[in-house]
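User: I'm a first-year student and I'd like a close look at one part of this protein: a pair of helices that lie against each other, and the hollow spaces around them. Could you walk me through it?

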Amino acid sequence: MSDRLSFPDDEAIHPWLSRLLEAYQITDEGVAEGIRRETEQGRTLACARGCAACCRSHTTIPVYPLELVGISWYVTEKLEGDLRTRLKRQLREYSEQPGCPFLVDDVCAIHPLRPMACRQFNVFDRVCAEGEDAYFTRRQDVLTPIKTYTDRAFDVTLPFYGIEKKSERREAIKEGSIHRIAKVLRECNWDSLAEKMEAYDRNRDT
Ligand code: SF4
Ligand code: SF4
């Protein structure tokens, strides 16, 4: 079972954070189970820390509104030191740069709060070539997320969007209506997040 990330003080202030962390725990459990099933079939996970060609090449990573709130909170209130300074600059300059705005020295600066799509993208047997999106070049090597876990993960986020009743949540999952509110990570206004970080820093220093 995956450990659930825990930020007790922040969760007491932000109820949405508990939902998001629970969704990520379920997602991570589903990914671990999917990888376990594949490795039992003799496959080898190619993904490893510092392997980041996917973060440079993928252009259509979906990110949901609750995830954006989580990313905004994490980078604004939790990132410190050199990583914070560098990420802020990178977000400022993002429109001119290729790759994911959160990739710093081939490491994901928001790794604990990275979107569900990033958590679920895992490739077997061979590391992706630079510029390759294995989903299109060799779909058979890409982990297929286990639907029951994905559905449960989305289900716990639905009250954030005002979909609270069990029957309505079930319908939303079945119809896939949640996917209509996803944004594309690369197309978000990251400059405004850099501004938010700066405003937070100014308030902290005064
Ligand atoms: S998806 Fe490809 S590039 Fe990304 S970590 Fe896995 S093997 Fe490396
Ligand atoms: S959010 Fe993190 S894991 Fe996802 S593409 Fe960006 S750097 Fe990679």
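Analyst: Let's start with what a helix axis is: a line fitted to the C-alpha atoms over the stretch in contact, and an angle between two axes runs from 0 to 180 degrees between N-to-C directions. Keep in mind that this is a predicted model.

With that in hand, look at α2 and α8. Their axes come within 8 Å and cross at roughly 180°. Angles over 145 degrees count as roughly antiparallel, and that makes α2 roughly antiparallel to α8.

So who's touching whom? On the α2 side, the contact is made by Arg-19, Glu-22, Ala-23, Ile-26, Thr-27, Glu-29, Gly-30 and Glu-33. Facing them from α8 are Tyr-149, Arg-152, Ala-153, Val-156 and Thr-157. It's a mixed bunch: the contact residues of α2 and α8 divide into 5 nonpolar, 3 polar and 5 charged.

Now for the hollow spaces. Searching the whole structure turns up 2 cavities of 30 Å³ or more. The largest has a volume of about 60 Å³. Its lining is made of Leu-20, Ala-23, Tyr-24, Tyr-64, Leu-66, Glu-67, Met-116, Phe-154, Thr-157, Tyr-161 and Ile-178. You've met a couple of these already: Ala-23 and Thr-157 belong to the α2 and α8 contact, and here they are again in the cavity lining. The elements giving two or more residues to this lining are α2, α4 (65–77) and α8. The biggest contributor is α2, with 3 residues. As for character, the lining of the largest cavity splits into 9 nonpolar, 1 polar and 1 charged.

The second largest cavity has a volume of about 40 Å³. Around this one you'll find Thr-27, Gly-30, Val-31, Gln-120, Leu-143, Pro-145, Ile-146, Tyr-149 and Thr-150. Again there's an overlap with the helix contact: Thr-27 and Gly-30 on α2, and Tyr-149 on α8, are part of that contact and also line the second largest cavity. Both α2 and α8 supply at least two residues of this lining, and α2 gives the most, with 3 residues. The mix here is 5 nonpolar, 4 polar and no charged.

There's also an open space to look at. The largest pocket has a volume of about 1,300 Å³. It's lined by 50 residues, and the closest to its centre are Ala-117, Cys-118, Arg-119, Gln-120 and Phe-121. Our two helices turn up here too: α2 (15–40) and α8 (147–157) are among the elements that give two or more residues to the pocket lining, along with α3 (53–57), β3 (107–108), α6 (116–120) and α7 (134–137). This time, though, the largest share comes from α6, with 5 residues. The pocket lining divides into 34 nonpolar, 8 polar and 8 charged. One residue to find on your screen is Gln-120: it's one of those closest to the pocket centre, and it also lines the second largest cavity.

To pull it together, α2 and α8 lie roughly antiparallel, both help line the largest cavity and the second largest cavity, and both give residues to the lining of the largest pocket.

Note on methods
Residues are numbered from 1 along each chain as its sequence is written. Chains are lettered from A and ligands numbered from 1 in the order in which they are written. This is a predicted model: local features need pLDDT of at least 70, side-chain atom pairs count only at pLDDT 80 or more; totals for chains, interfaces and linings use all residues. Side-chain values use heavy atoms; hydrogens and water are left out. On a 1 Å grid over the protein atoms alone, a cavity is a set of points where a 1.4 Å probe fits but cannot get out, and a pocket is an open set with protein on both sides within 12 Å along at least five of seven lines; lining residues have an atom within 4 Å of a point. Grid points are joined across faces, edges and corners, and a volume is the space filled by probe spheres set on the points. Helices (H or I, at least four residues) and strands (E, at least two) are DSSP runs, numbered from the N terminus. Ala, Val, Leu, Ile, Met, Phe, Trp, Tyr, Cys and Pro count as nonpolar, Asp, Glu, Lys and Arg as charged, and the others, Gly among them, as polar. Angles under 35 degrees count as roughly parallel, over 145 as roughly antiparallel, 65 to 115 as roughly perpendicular and the rest as oblique. Contact means heavy atoms within 4.5 Å.
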